[in-house]
Amino acid sequence: MAKVVILGGGLTGLITAELLKEYSPVVIEKTDRVGGMAKTFKKGPFFFEYGGHYLHFQEDSSFEFFKKFSGELLERRRNSFVLIEDKFVKYPVQIFFPEAFPLYKEQILEHQKNKKIDKTNYLTYLKSSFGEILFEKFFYPYNKKFWKTDLETIDPKWSERYIPQTDENKINNPPEEIGYNKIFYYPKNGIQQIADNLAKDKEIHLNTTVKKIDVKQKIVITNNGTFSYDTLVSTIPLEKLVRISDLGLYNMEYLSILILNMGIRGEINKDFSWLYLPDESTPFFRVGKYILPDSEGIFGLYFEFSHKGEYPKVENLFLEARRLMKTIGIKGKALYALVLNLKYAYPIMRIKDKAYTEMLLDQLSNYSIFPAGRMGRWKYLTMEDSYFEAIRIKKIVDLFFK
Ligand SMILES: Cc1cc2nc3c(=O)[nH]c(=O)nc-3n(C[C@H](O)[C@H](O)[C@H](O)COP(=O)(O)OP(=O)(O)OC[C@H]3O[C@@H](n4cnc5c(N)ncnc54)[C@H](O)[C@@H]3O)c2cc1C
């Protein structure tokens, strides 16, 4: 039987292992537990994560799959806002901003009547889709703060799915629900539950870091021995894979995220799922309230700060978090805190990298190496996409070996 080795025990690696069960794949994971970005860190009654990790679905098949491995699922309706000039503007702003700031409504509608979308780059895309006012009040400051990258160098293609367009009708008659995550789900025992359930009955080597790949001999070299393969599925960051396979040294850019988690006993004036923060007065681009614990008077918050390797002193960020809590009407005492830094969090989809990435994927497939997943394939993907990625990989492996 074909030997399948999977690099990375995050959701993409584990779901691929599940779908390829008949090949008895081996999963290699560098950390001491499975889950990758979708891990839960329990502290007392709090469920801390790499920011809120919520499931949302485009298809019934993926919903059924995740249901099977999640245990009981809690269902929630998104209740999110954008903080502009200390006002809670309902998300998405391209629909609700004119309601909050009626002075600008006419100008925004005028833009919508005449807009011609320019997809040259992410900056032209945002400006032409939403017009000067929304661009200046939200899209530019927020994206600049988040990406920390010249927006003209970013390919806008990925954003079409995440940033809904608007029009005159939607602004005049705001729909109740809009966007890919209007309803979301969360396992009652934390997002970690999915990875833990998927990991049962699988051969997983934890604390095992891939150091080198000999693409000609088809051997993976780790700190815990070597593994030979016929097919290699890689969910580790693509730029790392290329380096350790001696296939190139191209500099691909990515964004890291520092997450300040706080477990609070206190009270919130205005409830929210998460708040986008375009304003320069706070260094965070988003603050969210975890849906667990769901009990009176205690709640978990996460404050997200994006960076490219350097960030302010954590003590200063905690002071900023406190200041923000005051602005948004949250009072209370922190019972627990946990700082998490996720090095590979978001691939930056630069226009100039597109051709290179495609070439790379081709080159790797010639060596029977198939990258998959968010940093693995260098694509802005969700947890549901991990399932679609696994289906794609299964088709490839079956094609070779059945
Ligand atoms: C801040 C943030 C919030 C998010 N929120 C949501 C959300 O609400 N909803 C949603 O659907 N998606 C969300 N996502 C996206 C989601 O987390 C990912 O799409 C998904 O978890 C990616 O899974 P993966 O297996 O592809 O990658 P990963 O989870 O990154 O798994 C890769 C694995 O490879 C391992 N690895 C790396 N290098 C090596 C090596 N050399 N040797 C061995 N192992 C190695 C890593 O330890 C890791 O376990 C969010 C992402 C971020 C960053």
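This report covers the ligand site, one buried serine and a small sheet in a predicted model.

**The ligand site**

The ligand is surrounded by 33 residues. Thr 12, Glu 29, Met 37, His 53 and Tyr 54 come nearest. Three elements each supply at least two residues of this shell: helix H1 (11-19), strand S18 (330-347) and helix H11 (383-401). The largest share comes from S18, with three residues.

Polar contacts link the ligand to both side-chain and backbone atoms. Thr 12 uses a polar side-chain atom, 2.7 Å from an oxygen atom of the ligand. Val 210 offers a backbone N or O atom, 3.0 Å from a ligand nitrogen. Met 383 places a polar backbone atom 2.8 Å from a ligand oxygen.

| Residue | Protein atom | Ligand atom | Distance |
|---|---|---|---|
| Thr 12 | polar side-chain atom | oxygen | 2.7 Å |
| Val 210 | backbone N or O | nitrogen | 3.0 Å |
| Met 383 | polar backbone atom | oxygen | 2.8 Å |

How much of the ligand does the protein cover? On its own, the ligand has 1,000 Å² of accessible area, and the protein covers 93% of that.

**Ser 128**

Ser 128 sits in helix H5, which spans residues 122-147. Is Ser 128 buried or exposed? Its relative accessibility is 11%, and the cut-off for buried is under 20%, so Ser 128 counts as buried.

The side chain of Ser 128 has polar partners in the backbone. A polar atom of this side chain lies 2.8 Å from the backbone nitrogen of Asp 118. The side chain of Ser 128 also reaches the backbone oxygen of Tyr 125, at 3.3 Å.

Which residues touch Ser 128, leaving aside its neighbours within four places in sequence? They are His 111, Lys 115, Lys 116, Ile 117 and Asp 118. Asp 118 thus appears in this contact list and as a polar partner through its backbone nitrogen.

**A three-stranded sheet**

Strands S10, S11 and S12 form an open sheet, in that order, with antiparallel pairing. The edges are S10 (210-214) and S12 (225-228), each of which pairs on one side only. Neighbouring strands are turned by 20 degrees against each other on average, direction ignored.

S10 and S11 (residues 219-222) pair over four bridges, in the antiparallel sense. Strands of a sheet pair through backbone hydrogen bonds. Within this pair, Ile 213 of the model stands opposite Val 220 in S11. The sheet also leads back to the ligand: S10 runs over 210-214, and a backbone atom of Val 210 lies 3.0 Å from a ligand nitrogen.

Definitions and conventions. Residues numbered from 1 in each chain as written. Predicted model: local features only at pLDDT ≥ 70, side-chain atom pairs only at ≥ 80, totals over all residues. Heavy atoms only, no water. Pairing = 2+ DSSP bridges. Axes fitted to C-alpha atoms, helices over the stretch in contact; angles between N-to-C directions. Buried < 20%, exposed > 50% of the residue type's maximum accessible area, 1.4 Å probe, protein only. Polar contact = N/O pair within 3.5 Å; in protein donor to acceptor, adjacent residues only side chain to side chain. Contact = heavy atoms within 4.5 Å. Near = heavy atom within 4 Å. Areas by Shrake-Rupley, 256 points an atom, 1.4 Å probe, with all protein chains shown as cover.
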